[in-house]
Amino acid sequence: MGEGAGAEAMTTKPPHIYPPEIPELAAGTLLRLRSGDWHHIHDLPCNAYCDMTVAKVHAGVTREDGGHLWVWVTGHDHPTCSWSSVEPHAPCIELMVRLDVLRRHAR
Ligand SMILES: [Zn+2]
């Protein structure tokens, strides 16, 4: 116990070396994205609703702006890709989604 301070120094690391924790969303999770929740690499308007089912949440934050962190998410448009008549196919949507929005869906 007397050497606690030394042990603490060994295990305490500067906070900046920790990447933000990215929630793992199971494939098939429905993301209900609203204006400001998502962002596209192209100059598409981002003020529309966009529902998608998750195929994969990419590891790592891609971008930081306006105090928000953005993460790439691939998946499928909902509901058009959720119809039973749709053949299985590679993810057809790739969007940047705000990290806090992902966390909200991870609950
Ligand atoms: Zn699709």
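Here are some short exercises, with worked solutions, on the predicted model shown above.

**Exercise 1. Get your bearings**

Find out how many helices and strands the chain has, and in what order the elements run.

*Solution.* Start by counting: the secondary structure comes to 2 helices and 6 strands. Next, walk along from the N terminus and write down each element as you meet it; you should get α-β-β-β-β-β-β-α.

**Exercise 2. Follow strand E5**

Work out which strands E5 pairs with, and in which sense.

*Solution.* Step one: take E3 (residues 50-57) and E5 (residues 68-77). They run antiparallel, with 5 bridges joining them. To find your place in this pair, look for Val 54, which sits opposite Gly 75 of E5.

Step two: move to E4 (residues 63-65). This strand also pairs with E5 in the antiparallel sense, this time over 3 bridges. Here Asp 65 has His 68 in E5 as its bridge partner.

Step three: go on to E6 (residues 93-98). Another antiparallel pairing joins E5 to E6, with 6 bridges. Try spotting Val 73, whose bridge partner in E6 is Leu 95.

**Exercise 3. Look at the turn**

What do E4 and E5 form, and how many residues lie between them?

*Solution.* Trace the chain from E4 into E5: the two strands form a hairpin with 2 residues between them. Now check the backbone in that turn. Gly 66 has a positive phi there, about 55°.

**Exercise 4. Add strand E1**

Work out how E1 is joined to E3.

*Solution.* Count the bridges first: E1 and E3 share 4 of them, and the strands run antiparallel. For a concrete pair, find Leu 31, which stands opposite Met 52 in E3.

**Exercise 5. Sort out helix H2**

Which residues of H2 are buried, and why are they on the same side of the helix?

*Solution.* First, list the buried residues of H2 (residues 99-106): Leu 99, Val 101 and Leu 102. They cover an arc of only 160° around the axis, so they end up on the same side of H2. Then see what these buried residues pack against: E1 (30-33), E3, E5 and E6.

**Exercise 6. Zoom out**

What percentage of the chain is buried, and what share of its contacts with a separation of 6 or more comes from residues 24 or more positions apart?

*Solution.* Begin with burial: 18% of the 107 residues in the chain are buried. Then turn to the contacts with a separation of 6 or more: residues 24 or more positions apart account for 56% of them.

Conventions. Residues numbered from 1 in each chain as written. Predicted model: local features only at pLDDT ≥ 70, side-chain atom pairs only at ≥ 80, totals over all residues. Pairing = 2+ DSSP bridges. Buried ≥ 20, exposed ≤ 12 C-beta atoms within 10 Å, placed from the backbone. Contact = placed C-beta atoms within 7 Å. Arc of directions from axis to C-beta.
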